[in-house]
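Biologist: I would like to go through the labels one at a time. For each, tell me what earns it.

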Amino acid sequence: MRKIIAVMALSLLASHVMAAVSPEEAAKLGTTLTPVGAEKAGNADGSIPAWTGGIPKNAGAVDSKGFLADPFASEKPLFVITAATVDKYKDKLSDGQVAMFKRYPETYKIPVYPTHRTVNLPPEIYESIKRSALNVKPINDGNGLEGFTGNRYYAFPIPKNGVEVLWNHITRYHGGNLRRIITQATPQTNGSYTPIRFEEEVAVPQLIPDMDPAKAANVLTFFKQSVTAPARLAGNVLLVHETLDQVKEPRLAWIYNAGQRRVRRAPQVAYDGPGTASDGLRTSDNFDMFSGAPDRYDWKLVGKKEMYIPYNSYKLDQPTLKYDDIIKAGHINQDLTRYELHRVWEVVGTVKPSERHIYAKRHMYIDEDSWQVALVDHYDGRGQLWRVAEGHAQFYYDHQTPAYTVETLYDIIAGRYIALGMKNEEKSSFVFGFNAKAADYTPAALRAEGVR
């Protein structure tokens, strides 16, 4: 009898651990917490203000190409961190940021501006978040989600562990169906580079009217990427069905190779497989700061802390800039960057003993207001700091959507880096809410996308 009682007690404990949050906890969303689960209050000295609803949709002008005016253009940095002063601010910097000062002591800097908590989302997304809090449970050791139905956003707004924090980044709101033209650069150590141009689409199954729900039951997003420059790569097209539970059903990917004129499966587009045209400087799961399945790592939630992270990066996105203004030797032009003091969730991913990945450890810092990964320090198998990622974010106030302006990944050993997401010289900014069709996200559609 005692054994039966013990087993029942353990079973009840396990069900409690795996359960969604209680209605009492969920009621904190929009009261003591913001509707996405951040602390609504500011910090003790006021350097992080209280969240008061974000900035309005008309916070600035929008030009004919969809580029946003900087609502904080008149502000000057409060101070600029340099190699000479970095020790004073180390408690609010990642080890990777500190390493960048050591690697580039003459040129790397962090201009720190006043903090603005700009993020706010559409009301229907807030409703979805509360539904997630009450219904979503982790399955398959946290690598899948149960009860994640309807409009699927922010699986765990009140997270209990590290993998739940990461899931909020993976399932965050992208503004619905998104189309964009962006440029990637992989500069040599002297700063010379060849721009790689992508045309990309991200489509959400529930926003594709003719999508068969049964076929997309385990699909979070459809992603399509066409390379349009340089000429030697133009015409190659990648299609990804990003699955929710990638242990149950691995990410599905196909590539159309313009030279071979054929479509083939692409299982290498996952985990530490090489990123598209990245010159070996990023992995597939470096895309979007982190993407794909979390199952190869144990994710430890360290807690929250205050850090200087890239934020409100409107200056970096101005259409008056050329890519040559941004891409410099060693790192991007830090005079165009903006950092602010924000609270972040600190999560450390360590490769499981039974798994492999070129990054043995990923030390992540995730913004509490947007759930976007802001900084990541990547360590190799020897425990040496290898690559330092920064997500230069801005809030698209006209569409109430947080996103990245530029993602940078610095190899501090090789002295090279990759910058992804620039669109300053393109014909338009992001296009939100385009009409997507189910037939566009099938392998058969890839050949029609390729242009030689």
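Modeller: Start with S370.

Biologist: Why does S370 count as buried?

Modeller: Buried means under 20% relative accessible area, exposed means over 50%, and partly exposed lies in between, with a 1.4 Å probe and protein chains only. S370 has 3% relative accessibility, so it counts as buried. This is a predicted model, so local features need pLDDT of at least 70 and side-chain atom pairs count only at pLDDT 80 or more, while totals for chains, interfaces and linings use all residues. Residues are numbered from 1 along each chain as its sequence is written, and side-chain values use heavy atoms, without hydrogens and water.

Biologist: Where does S370 lie?

Modeller: In the loop between β13 (361-367) and β14 (373-379). Strands here are DSSP runs of E, at least two residues; helices are runs of H or I, at least four; both are numbered from the N terminus.

Biologist: What makes the link between S370 and D367 a polar contact?

Modeller: The term needs a pair of N or O atoms within 3.5 Å; within protein, one must be able to donate a hydrogen and the other to accept it, and residues adjacent in sequence count only if both atoms are side-chain atoms. The side chains of S370 and D367 are joined at 2.6 Å, so the pair falls inside the limit. The side chain of S370 also has a polar atom 3.2 Å from the backbone nitrogen of Q372.

Biologist: What else does S370 touch, not counting residues up to four places away in sequence?

Modeller: V119, Y154, R172 and P402. Contact means heavy atoms within 4.5 Å.

Biologist: Y154 comes up again in the largest nonpolar core. What makes a set of residues a nonpolar core?

Modeller: The members are buried Ala, Val, Leu, Ile, Met, Phe, Trp, Tyr and Cys residues, joined through side-chain atoms within 4.5 Å. The largest such core has 82 residues. L121, I129, L145, Y154, W167 and W299 have the most contacts inside it. Beyond four places in sequence, the contacts of I129 include L121, Y153 and Y154. There is also a second, separate core of 34 residues, which includes I48, L93, L321 and V406.

Biologist: W167 sits in α5. How do you know that helix α5 is largely enclosed?

Modeller: Nine of the nine residues of α5 (residues 162-170) are buried, so the rest of the structure largely encloses the helix. Among them are E164, N168 and H169. At the start of α5, a side-chain oxygen of N161 comes within 3.4 Å of the backbone nitrogen of V163.

Biologist: Why is strand β7 called largely enclosed?

Modeller: Nine of the eleven residues of β7 (residues 219-229) are buried, so the label follows.

Biologist: How do you know that β7 and β8 pair?

Modeller: Two strands pair if DSSP finds at least two bridges between them. β7 and β8 have seven, in the antiparallel sense, so they pass. One bridge sets T221 against E242 in β8. Strand β6 (residues 196-203) is also antiparallel to β7, again with seven bridges. There, A203 stands opposite F222.

Biologist: What makes V240 buried?

Modeller: Its relative accessibility is 5%, so V240 counts as buried. V240 lies in β8 (residues 237-243). Its contacts beyond four places in sequence include T221, F222, L252 and A253.

Biologist: How many residues of strand β9 are buried?

Modeller: Six of six, in residues 252-257. L252, W254 and Y256 point one way; A253, I255 and N257 point the other. In a regular strand the side chains alternate between the two faces of the sheet. Five bridges tie β9 to β8, antiparallel, with H241 opposite L252. β9 and β10 form a hairpin with four residues between them, and R261 in the turn has a positive phi of about 55°.

Biologist: Last term. What makes a space a cavity?

Modeller: On a 1 Å grid over the protein atoms alone, a cavity is a set of points where a 1.4 Å probe fits but cannot get out; lining residues have an atom within 4 Å of a point. Grid points are joined across faces, edges and corners, and the volume is the space filled by probe spheres set on the points. Seven cavities reach 30 Å³ or more. The largest holds about 80 Å³. Its lining includes R282, H378, E407 and L420. β16 (401-411) and β17 (416-422) are the elements that give two or more residues to that lining. The largest share, three residues, comes from β16.

Methods
On a 1 Å grid over the protein atoms alone, a cavity is a set of points where a 1.4 Å probe fits but cannot get out, and a pocket is an open set with protein on both sides within 12 Å along at least five of seven lines; lining residues have an atom within 4 Å of a point.
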